[in-house]
Structures are given as C-alpha cells and as structure tokens.
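Here are some notes to read alongside the model, written for someone opening it for the first time. Keep the viewer open and follow the points in order.

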Amino acid sequence: MRTRTQENIIETLLKFATSITILTTIGIIGVLLYETISFFKEVSIIDFITDKEWTPLFAQKHFGILPLVSGTILTTLIAIAVALPIGLTIAIYLNMYAPKGFRKSFKPMLEVLAAVPTVVYGFFALTVVTPFLQTIYPELSGFNSLSAGIVMGIMIIPFVSSLSEDALYAVPKTLKEASFGMGATRFQTSFKVMVPAASSGIIVSIILAISRAIGETMIVAIAVGQQPRLTFDPTVPIETITAYIVQVSMGDVPHGSLEYRTIFAAGITLFIFTFLLNTVSFWIKKKFHEKYD
Amino acid sequence: MKNMTNAQKNKLIDNAFKVFGIACTFFGLIILAILIFNIVEVGLSRIDWDFIKDLPSRRAQKAGIYTALMGTVWILFLTAIIAFPIGVGAGIYLEEYGKKTKWASLLEINIANLAGVPSIIYGLLGLEIFVRIFGLGGSLLAGSLTLSLLILPIIIVSTREALKAVPSSIKDASVALGASKWQTIWNQTLPASIGGVLTGVILAISRAIGETAPLIVVGALAYVPFAPSSPMDEFTVMPIQIFNWVSRPQHEFAVNAAAAIIILLLFTFMMNGVAVYYRNKWQKKIKW
C-alpha cells in the first residue's frame with residue numbers, strides 16, 4: 001500500500017512539473033494582453049498600426065509601430081539572404097558531396113556558431129564588420145542594419161544547415177540511387193530529386209531561422225542604433241522591436257506608466273509574428289511528416 | 001562552353017557546385033575564427049588578476065568584472081537548481097506517463113511553441129510575474145526563475161530523447177520482476193539515460209549564461225557596486241557588463257568588453273565541451 005501512495009505522489013509531482021509549461025504559455029499571453037489592453041486605453045489602435053513615427057520617449061509622442069516592424073523585417077531579410085543560400089548549400093554539400101566522416105565532424109563544428117552568446121556577435125558586428133564594410137562603402141553609417149543583418153545571418157546558418165541536412169538525410173536512399181542510375185550528376189540529383197523530396201523539412205528549417213532572426217535582440221540592440229525609422233535603406237541607423245524593449249529596460253521607466261506599457265505592446269507584436277511562424281512550421285511538419293515512412 | 005557535350009557541361013556544373021559547397025562550409029568557420037582571433041587580439045592583454053577581482057568603475061583601466069562574474073556564477077547555480085528537477089520531471093512525465101492522450105499532444109505542441117518564443121518575451125513575463133506580482137524586484141531569484149522558464153523546453157526535449165533511447169526490454173524486465181513504475185524509472189531507465197539527460201541540461205544552462213536580453217528586461221542592472229551575497233540581491237551578469245561596455249564610445253571600454261568576452265566564451269565553450277564529451281562517452285559505453 002505504501003508503494004501505491006508513493007507512486008501517486010510522484011506522479012502528481014511530475015504532472016505538476018509538466019503543467020508549469022502550460023502556466024508559462026498562459027502567463028506570457030496573459031501578461032502581454034493585460035498590459036497591451038491598458039496601453040490601448042490611452043493610445044488608439046489605429047494610430048498604433050498606421051502612424052509612421054515611434055517616439056514614445058520624446059515630448060512629442062507618436063505611437064506608430066511601423067518603424068519598429070520595418071526595422072525588424074529589414075534585419076531579418078538581410079539575415080535570411082545570408083543564411084539561406086549558405087546554409088542550404090552546406091546541407092547539400094554535406095549530404096551529397098562530402099566524404100564520409102566529414103558530415104559527422106562538421107555539423108557539430110558549425111553548431112558552435114549558434115552557441116556563441118549573441119552579445120558577442122553584437123560586439124563583432126559593431127567593431128569588426130561595420131568598419132570593414134565602411135572601407136568598401138564609406139557612406140555607411142556607424143550604426144546600420146546591414147552589418148547587424150549579415151552577422152545575424154551567420155549566426156543562424158547552423159539552423160538552416162543542420163535541420164535541412166537532417167531532412168535530406170531522411171530521404172530514402174532508393175530515390176538517390178535511382179537518380180544516379182539514370183546517369184544524373186550529384187548536382188542534378190540534389191536539386192531535381194533530393195531538395196524537392198526534402199522540401200517540407202527544408203521549409204521548416206527556414207521558417208525557424210526567420211523566427212529566430214525576428215526575435216534576436218542583442219546584435220540589433222548593439223549594432224543598428226536606436227533610431228526608429230520607416231525605411232528599407234540598410235545603411236542608416238534604425239531600431240527593431242526587440243532593440244526598443246531593451247532600450248526602455250535599460251532606462252528608468254516607472255511601472256504603470258505609458259512608456260512602460262509600450263514595451264508590452266511592442267512585445268505582443270513580436271509574439272504574434274513568431275507565433276504565426278512557429279504554428280505554420282509545426283503544421284507543415286505534421287502534415288508532410290509521414291510521407292516516406 | 002560551346003563545343004562541350006552535355007555530359008561535360010553537367011560535370012563542370014557539378015564540380016563548380018562542389019567547390020562552392022566547400023567554400024560555404026568553411027565560410028562560417030572562418031568567420032568564427034576571425035571573430036575569436038579579433039577578440040583575443042583586442043582583449044587578451046587586458047586580462048589579469050586585477051581585471052577579475054576589481055569592482056566596476058567609471059574609469060576603464062580600473063574597472064573589473066568581479067560583480068558580473070559573481071552574478072553569472074549565482075545565476076548559473078540558481079537556474080540549474082530550479083530548472084533541473086522541473087525540466088527532467090516534466091520530461092519523465094511526458095515520456096513515461098502521459099503518452100498518447102489528447103492532453104499529451106497538446107502539451108507537446110505547447111512545448112514546441114515555447115521553444116520558439118523569443119527570449120526577450122520571457123523577460124517581459126518575468127518582469128510582470130516575478131518582479132512585480134511576486135515582489136522579488138530585480139533580484140537574482142527573479143532572474144534565474146525567468147531563465148529557468150526559458151530553458152525548460154530545451155531540457156524537456158533532450159530528457160525525452162534520452163529516455164526514448166532506453167530499450168523497452170529493460171523496462172519490461174524490471175516490471176516483470178515486480179518493480180513499480182517509478183521504481184523502474186528510478187532504478188533502470190534514469191541510470192541508463194543519465195548521460196543524455198545531463199548533456200541536455202548542461203547545454204541548456206550554457207545557453208542561459210549567455211542570455212542578456214531577458215535579464216535586462218527583468219531589471220538586472222548595468223552598474224552594481226558589490227557582488228551579490230544572497231538570492232534576493234540585485235545583480236549584473238557578464239553579458240550585461242559586456243553590453244554596457246560595448247555601448248560606450250571610448251576605445252578603452254571596447255578593450256574591456258573584449259577581455260570580458262574572452263572569459264564568457266571560455267565559460268560557454270567549456271560547458272559545451274563537457275556536454276559533448278559526456279555525450280560521446282555515454283554513447284560509447286552503452287551499446288544495447
């Protein structure tokens with residue numbers, strides 16, 4: 001009998017540990033909604049979506065989220081433009097071309113790129129990449145989205161390369177061999193057989209990389225400047241949603257003030273973006289997963 | 001190109017792509033090498049015993065990382081103590097108890113989603129719940145609770161992977177001998193999978209000590225005059241100290257930042273190294 005009770009207590013404890021994950025989700029959504037609703041009692045939601053200026057910390061206050069959203073999209077686009085071609089090429093190379101053993105030792109080495117703390121990448125973008133780019137293009141501002149985006153892209157290469165390679169690896173050998181048997185080269189087999197067959201896994205890896213880039217904070221907080229600006233010019237200072245939250249948090253903003261609530265309004269915008277992307281990737285994974293099982 | 005046969009053209013493209021593939025693979029590694037080389041070049045000469053044991057200062061030459069280093073060590077231990085039992089417990093529950101129910105698949109979707117939530121959002125959660133409602137203020141405890149929630153999904157997923165790798169014959173044998181479910185897990189499944197479990201926990205904690213944004217949001221300060229002595233004390237950590245120094249225009253502070261980065265990277269790489277070593281050793285030892 002003692003064992004029975006003991007078993008029940010343990011199971012309850014484990015269940016409680018698991019339920020913390022649910023509480024976390026409820027907490028995140030609850031906190032963001034609660035503060036955002038208070039925010040929209042003072043600021044019109046129309047202004048929030050349509051105003052082209054974001055100046056909550058100035059005397060002349062504007063609460064248009066667009067400049068922060070455009071900054072976030074701009075840095076993300078640059079990062080993906082770097083990470084997608086390089087990451088996908090690495091995945092194909094490791095899967096189709098590289099000698100045996102190469103794959104096993106290079107995948108973990110590349111994953112070190114994702115283990116480096118992001119504040120280190122921020123330092124790198126500001127003190128190495130920006131000065132280097134300025135030697136090529138002198139008009140480049142000291143703070144800009146170009147170098148932050150490029151460095152962010154390098155950071156997320158392993159997300160694309162590792163997950164895409166996993167997807168390629170999961171394609172049945174028979175498809176590859178059939179293609180080789182028809183006399184196709186590795187290049188033809190890669191792009192006409194393997195990539196299409198692994199497309200759902202590759203798309204998921206890209207979506208996860210995008211979601212990661214959107215939420216990335218320290219690189220942009222250090223290297224893009226703190227100037228919300230509705231532009232897609234990669235050479236001038238801008239600000240992203242995440243960098244704004246950091247900027248406010250570094251200062252002394254009293255709890256309950258409108259400025260305090262702006263970080264939650266910005267946060268919920270960020271959360272919606274990443275939530276949609278994660279949901280889409282989850283859906284793709286579920287829907288196309290059993291294709292070759 | 002014109003007087004080549006199709007086969008020759010295809011062969012050429014094939015080889016060109018191979019070269020491109022090698023270039024791409026090394027690109028990331030070369031950038032990593034440049035990054036590390038640059039930081040070591042700028043910062044290494046700044047590291048001495050004084051730099052480690054000095055308190056922060058407005059003058060770059062006199063400033064040290066003692067308070068930040070102690071903050072990071074505190075955060076590391078508190079986060080480990082909080083996240084380890086909860087994460088491993090949840091992993092065990094999901095893998096061994098609550099399988100294949102609707103509730104379980106909901107939990108699974110939820111955890112996958114949490115893993116994709118940006119770290120700064122966890123900061124906002126911690127700010128409202130731990131700092132304000134629980135009244136913990138910008139303390140070490142509030143910071144490590146926030147980071148624990150952030151790394152829970154990583155620990156849960158890796159715990160499940162490790163448990164999954166234990167063959168069911170071992171569990172069946174244990175149950176057949178009359179062991180209860182928990183006795184089986186505690187005496188058979190966990191010891192057999194502990195290497196994988198610990199690898200995941202170490203990797204998750206190494207991620208936590210590199211985190212900056214959520215702790216800034218929770219209210220960790222850029223300037224803390226003394227090293228914390230209890231979980232309720234205000235604190236700063238290495239990444240925030242680095243961020244603070246990077247944000248200043250004077251070159252001397254950039255040197256300080258580079259020096260602090262070397263120490264932070266030592267932490268990160270050491271933990272990753274230990275995790276990988278542990279995983280390899282564990283995988284070699286156990287052959288089912």
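1. Let's begin with how chain B is wired. Take the contacts in chain B between residues at least 6 apart in sequence: 76% of them join residues at least 24 apart. So that you know what you are looking at, this is a predicted model. As for burial, 44% of the 288 residues of chain B count as buried.

2. How far can you trust the model? The predictor gives the complex an ipTM of 0.92 and a pTM of 0.92. Chain A has a mean pLDDT of 91, with 98% of its residues at 70 or more, and chain B has a mean of 89, with 97% of its residues at 70 or more. Within chain A, confidence is lowest in helix H4 (residues 102–115), where the mean is 85, and highest in H3(A), at 95. Within chain B, the low end is helix H2 (residues 49–53), with a mean of 84, and the high end is helix H6 (residues 140–164), at 95.

3. Now the overall build of chain B. You'll count 11 helices and 0 strands, and reading along the sequence gives α-α-α-α-α-α-α-α-α-α-α. The C-alpha atoms of chain B fill a box of roughly 75 × 70 × 35 Å along the principal axes. The radius of gyration of chain B is 24 Å, while a compact globule of 288 residues would come out near 19 Å.

4. Both chains come with a domain split. Chain B is divided into domain 1 (6–46) and domain 2 (50–285), and their centres, taken over C-alpha atoms, are separated by 32 Å. Contact between these two takes 6 residues from domain 1 of chain B and 8 residues from domain 2 of chain B. On the domain 1 side, that is 4 nonpolar, 1 polar and 1 charged.

5. Chain A gets its own split, into domain 1 (2–42) and domain 2 (66–292). Here 30 Å separate the two centres, again over C-alpha atoms. In chain A, 6 residues of domain 1 are in contact with 8 residues of domain 2. The domain 1 side of that contact has 2 nonpolar, 2 polar and 2 charged residues.

6. How many residues of chain A are in contact with chain B? There are 67 of them, and they meet 66 residues of chain B. Helix H1 (residues 2–42) of chain A gives the most to the chain A side, with 18 residues. By class, the chain A side divides into 42 nonpolar, 21 polar and 4 charged residues.

7. Next, have a look at the largest nonpolar core. It holds 165 residues, and Val151(A) and Ile242(B) touch the most other members. Helix H3 (residues 66–97) of chain A gives the most to this core, with 18 residues. As a general point, nonpolar side chains in soluble globular proteins tend to be buried together.

8. Ile242(B) deserves a click. Setting aside neighbours within four places in sequence, Ile242(B) is in contact with Val119(A) and Phe123(A) from chain A, and with Ala257(B), Ala260(B), Ile261(B) and Leu264(B) from chain B. Helix H10 (residues 238–246) of chain B is mostly covered, with 9 of its 9 residues buried. Ile242(B) is one of those buried residues, and the list also includes Gln241(B), Asn244(B) and Trp245(B).

9. Is Leu68(A) buried or exposed? Leu68(A) counts as buried because 25 other C-beta atoms lie within 10 Å, and the cut-off for that is 20 or more. You'll find Leu68(A) in helix H3 of chain A. Not counting residues up to four places away in sequence, Leu68(A) touches Trp54(A), Pro228(A), Glu239(A), Thr240(A), Ile241(A), Tyr244(A) and Ala266(A). Phe132(A) is 64 residues from Leu68(A) along the chain, and their C-alpha atoms are separated by 26 Å.

10. Finally, try Ile52(B), which is found in helix H2 of chain B. Ile52(B) counts as partly exposed because it has 13 C-beta neighbours inside 10 Å. Beyond its neighbours within four places in sequence, Ile52(B) is in contact with Gly64(B), Ile65(B), Tyr66(B) and Leu69(B). Leu32(B) is 20 residues from Ile52(B) in sequence and 25 Å from it in space, C-alpha to C-alpha.

How values were computed
Residues numbered from 1 in each chain as written. Chains lettered and ligands numbered in written order. Predicted model: local features only at pLDDT ≥ 70, side-chain atom pairs only at ≥ 80, totals over all residues. pLDDT = per-residue confidence, 0-100. Helix = DSSP H or I, 4+ residues; strand = E, 2+ residues; numbered from the N terminus. Contact = placed C-beta atoms within 7 Å. Nonpolar A, V, L, I, M, F, W, Y, C, P; charged D, E, K, R; others polar. Core = buried A, V, L, I, M, F, W, Y, C linked by C-beta atoms within 7 Å. Buried ≥ 20, exposed ≤ 12 C-beta atoms within 10 Å, placed from the backbone. Domains from an automatic or database assignment. Rg over C-alpha atoms; globule rule 2.2 N^0.38 Å.
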